[in-house]
Amino acid sequence: MKPHAFDYVRATSLQDIFGVLDKHGDDAKILAGGQSLVPAMNMRLAAPRVIVDVNAIEALHGIAVVGDMLRIGAMTRYVEIAASDLVARHAPLIVRAVPFIAHAAIRNRGTFGGSLCNADPASELPACVLAERAVFNISSSTGERSVAANDFFLGTYTTALEPTEVLLSVDVPLSGPDSRYFFDEVARRQGDYAMAGLAARAEVRGGVLVDARLVFFAVSDMPLMVSATAALLEGQAPGSVDAEAICEALIQNVTPQQDLTTSSVTKEHLMKVLTRRAIAAFAREEA
Ligand SMILES: Cc1cc2nc3c(=O)[nH]c(=O)nc-3n(C[C@H](O)[C@H](O)[C@H](O)COP(=O)(O)OP(=O)(O)OC[C@H]3O[C@@H](n4cnc5c(N)ncnc54)[C@H](O)[C@@H]3O)c2cc1C
């Protein structure tokens, strides 16, 4: 199919973007990598009157350490993340997730910020930034604000962004020597959206797990942080966790939502499989 007619604006400054968004509000859409927006327009699931192309805005690109955070520009492409030594060193969870996203052609164009703003509940990166306690830097013509990842995702394709706002970058707390990570998903084929996936981070201090965060994706209308289950890991030695008890507690607290291809029962099974793998990985990394 072909999209509805639309106007195209190539922004060359943040002010250009704000001008379009302030004028057109909900009728305007930002074009980043176009890997979700363009298919949605072609299928007429989205019909913006104006698209504002932000690819040329330098302020949205780049990866840098800022204080005790790794700042990843919204327009950083998946392929750049995969090749970045800085991300590998300071935010390894995100690097581990990237190969699971779609296919090489999509990873060449698709962007970090585009994935987060799109807020697909089956996407990998929203779960990663939640597990990482990231902070979103957002701007509009009226100023800047920061939003914690906890408060950014509101539902399927729905975020805390106002129609007049643009995501500039995301700050991820730097990985420390005690940080442990796990990322995995189960999909029918390599590159497909996950049937269920898990991004997890914990610290090991004094020989025990602290501050564990388990975030599932493709099981709810947004990334699902299972805080009550993660709390059961607190204070346990990584090699001595009773994985079956944790899995039982998980399923008492959570009922995954079925989707077009996968039943709730299957997702529940996969969530347990992924939880066991995460616990085993935390123990392996102890050595
Ligand atoms: C065949 C196929 C398979 C895929 N498989 C996966 C997968 O397995 N996992 C996965 O996560 N994704 C998958 N995707 C989606 C892909 O990852 C997209 O690239 C991503 O969802 C959107 O990033 P983008 O840069 O292309 O954003 P765009 O498509 O350009 O934009 C997406 C949305 O975000 C908004 N937006 C973008 N940037 C900003 C910004 N800086 N500020 C405010 N709003 C902004 C846009 O207005 C639009 O609403 C797949 C896509 C295809 C076509």
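Is Glu165 buried or exposed? Glu165 is buried, with a relative accessible area of 11%. Keep in mind as you read on that this is a predicted model.

## Glu165 and its partner

Glu165 takes part in a salt bridge with Arg145, and the closest N and O atoms of the two are 2.7 Å apart. Arg145 sits in strand E7 (residues 143-148), while Glu165 belongs to the loop between strand E9 (158-159) and strand E10 (166-173), so this pair ties together parts that are 20 residues apart in sequence. The two partners can be told apart by their accessibility: Arg145 is partly exposed at 33%, whereas Glu165, at 11%, is buried.

Strand E7 has a neighbour worth a look as well. Strand E6 (residues 135-140) runs antiparallel to E7, and six bridges join them. Within this pairing, Phe136 has Val147 in E7 as its bridge partner. The connection from E6 to E7 is a hairpin of two residues.

## Other salt bridges

In total, the structure holds eleven salt bridges. One of them brings together the side chains of Lys272 and Glu248, at 3.7 Å from N to O. Here, too, distant parts of the chain are linked: Lys272 is in helix H12 (residues 264-286) and Glu248 in helix H11 (residues 243-253), 24 residues apart. Glu248 has a relative accessible area of 42%, which makes it partly exposed.

Asp259 and Lys267 form another salt bridge, with 2.7 Å between the closest N and O atoms. Asp259 is partly exposed at 35% relative accessibility, but Lys267 is buried at 0%. There is also a network to trace on your screen: Glu132, Arg201 and Glu203 are joined by salt bridges that share partners.

## A buried arginine without a salt bridge

Arg107, in helix H6 (residues 104-109), offers a contrast. Arg107 is buried and yet has no salt bridge. What is the nearest side chain of opposite charge to Arg107, and how far away is it? That side chain is Glu124, 8.6 Å away. A salt bridge needs the side-chain nitrogen within 4 Å of a carboxyl oxygen, so Glu124 at 8.6 Å does not supply one.

Which residues does Arg107 touch, then, leaving aside those up to four places away in sequence? The contacts are Arg77, Tyr78, Val79, Val98, Pro99, Ile101 and Ala102.

## The four-stranded sheet

Further along the chain, four strands form an open sheet in the order E11-E12-E13-E14, with antiparallel pairing. Strand E11 (179-186) and strand E14 (224-225) are the edge strands, each pairing on one side only. Strand E13 (residues 208-217) pairs with E14 in the antiparallel sense over two bridges, and Phe216 stands opposite Leu224 in E14.

Helix H8 (residues 124-131) packs on this sheet and touches E11, strand E12 (196-205), E13 and E14. The direction of H8 makes about 155° with that of E13.

## Domains

How is the chain divided? There are domain 1 (7-53), domain 2 (59-173) and domain 3 (180-286). The centres of domain 1 and domain 3, taken over C-alpha atoms, are separated by 36 Å.

Notes. Residues are numbered from 1 along each chain as its sequence is written. This is a predicted model: local features need pLDDT of at least 70, side-chain atom pairs count only at pLDDT 80 or more; totals for chains, interfaces and linings use all residues. Side-chain values use heavy atoms; hydrogens and water are left out. Buried means under 20% relative accessible area, exposed over 50%, partly exposed in between (1.4 Å probe, protein chains only). Lys and Arg count as positive and Asp and Glu as negative; His and the chain ends are not counted. Contact means heavy atoms within 4.5 Å. Two strands pair if DSSP finds at least two bridges between them. Axes are lines fitted to C-alpha atoms, for helices over the stretch in contact, and angles run from 0 to 180 degrees between N-to-C directions. Domain bounds come from an automatic or database domain assignment.
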